[in-house]
Each structure stands twice: as structure tokens, then as C-alpha cells.
Amino acid sequence: MIAFVSILLASFLAPEVFAVIGGDLNCTSYNGTAFVYTPAAVACSNAISDASCAVLYAAPNTLYPAAGNDAQRAHACYTTATATPAAIVLDMKQAALANCAKTCGFCCQTDAYSCSNAVYPRLNCATVTLSQCNSVAWRTIIAQDCPASCGFCLSGGCVDAVTNCGNDLSICTTVGMQDFVNTYCQRTCGRCPSSTTSASAGTATTTVTSTCSSYIADSSTNCANWSRNGFCTNTFYTLAQRRARCATTCRIC
């Protein structure tokens, strides 16, 4: 009898995990009371107008996804059903991701945000703010160390330090502006560091050009992952440090 009462009390006192958000909990985190949207859930822009997205994906309770809230997504964001629980229908979700990722709270799953951050970042990627994403002091560091935090996954680790370089492309060839563009407009003006970088669907692989024919063995088993995160060209680490750990992967003589 005592055991039965204990179980009954536990069932009443145990915290209930209830997701107002509904059937797809991607881009959310549990705050101790409910699942809420992460900042990355709404960090992007819709591919079509916000007004069009509001028509296609009308908010069930007039409240749309926002960082920290638990607004229910429109069912059409991820399913053909009209009530939850409901199975995720891939075609429906892909359409939402392609057109109205912000309205549906799916920004973290778009290609620009779907990649791994650096293994040893110079800042806490989880606390990166929108103002830092647009800050001349932080943008280039974030692109290398925390690309998923700001939607830099497809940048190959190279972004403009200032956000308006593309407003006047003539600065790229103006004689008196070369020091400026070399520092602040590397991507727009084609001044990214001389390495070969490929990025697709959230992965980036960087190879450093070298002339020797053999390399010392990697001392770490994590070099492949580190290379994808930009370790081989990250000047936060000295050349000696990169060579000591991943000489073969980074092709450092």
C-alpha cells in the first residue's frame, strides 16, 4: 500500500514535459518547463516575403515562432495532418525550409546553419548574439569558429568583416582602398586567404597548399574533423601547433 501511494505521489509531483510546439521539436531546447525555440530557429530570413509565408503558414494561435517562446508551428510546416500528434511529411517540411524557414522556426536546419562549429572555438558559440554576427570585431572569427551560430556554414570560413561591402563593388579595384578591402571586404572582393575551400550542406573542407612530398604523421585522431572546421588555416593556432597535431591532414611541411 505504501509503495502504491509513493508511486501515485510521484506521478503527481513529477514534472510534465508538454511540448506546445507540437510534432517537430527541431530547433528547440527544453528550458525545464517546456520546449522553446532556440535563437537559431528564427535567425534566417524567409526566401519569399513574410506576408506570403504568413498566408501559407498561418499561426494556429496568432503567435509565430520566436526565440524563447513555445508557439505552435503551423501544421503545414511539417505535415499534411490538421492536428497533433502527426507524422512528419518530408515534402511538406522541405517546402517550408525552402520558402518560409523563419516563419516555421526551422532556420537551424537550413544549409547556412547546418554545420559543426570548431572543436576549440575562441568564443562560446552557444552565446553568440545577432549583434556579434554583424559586428566588425567578431564576424571573421565567428565565420571560422562558430559558423552555425550566424548562418556562415556556406562561407568556407571567409566573410566580409563589414556587412555593406557589396554596396559599391568599385572599392575592390580602387587604389586607395586596397588596405581596407583586404581587411574588411575579403569575400566580396575575392581576397579570402589562399586555400582551397569547398562547402556544401553544412560541411567545409580546407586544404593548405604546400610543396613538400611527405609529411609527419598526425598526432591526433581528430584531424579530419578539425580540418572541416577550419583548423588547418585558423591563425589562432600557430603553424607549429597545427603541424604538431595535424601535419598530414593539413599538408604542412
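This report covers the disulfides and one buried aspartate of a predicted model.

## Basis

Residues are numbered from 1 along each chain as its sequence is written. In this predicted model, local features need pLDDT of at least 70 and side-chain atom pairs count only at pLDDT 80 or more, while totals for chains, interfaces and linings use all residues, and side-chain values use heavy atoms, with hydrogens and water left out.

## Disulfides

The whole structure holds twelve disulfides, a disulfide being a pair of cysteine sulfur atoms within 2.5 Å. Among them is Cys 27 to Cys 108, with an S to S distance of 1.9 Å. This link is left-handed, at -95° about the S-S bond. Cys 27 lies in the loop between helix H1 and strand E1, and Cys 108 in the loop between helix H3 and helix H4, 81 residues apart. Helices (H or I, at least four residues) and strands (E, at least two) are DSSP runs, numbered from the N terminus.

Cys 133 in helix H4 and Cys 150 in helix H6 are 17 residues apart; their sulfur atoms are 1.9 Å apart. Both cysteines are buried, meaning under 20% relative accessible area (exposed is over 50%, partly exposed in between; 1.4 Å probe, protein chains only). The sulfur atoms of Cys 223 and Cys 246 are 2.1 Å apart, and this disulfide joins helix H8 to helix H9.

## Asp 145

Asp 145 is in helix H5, residues 139-145, and counts as buried because its relative accessible area is 0%. Its side chain reaches the backbone nitrogen of Arg 122 at 2.8 Å.

Methods:
Polar contact = N/O pair within 3.5 Å; in protein donor to acceptor, adjacent residues only side chain to side chain.
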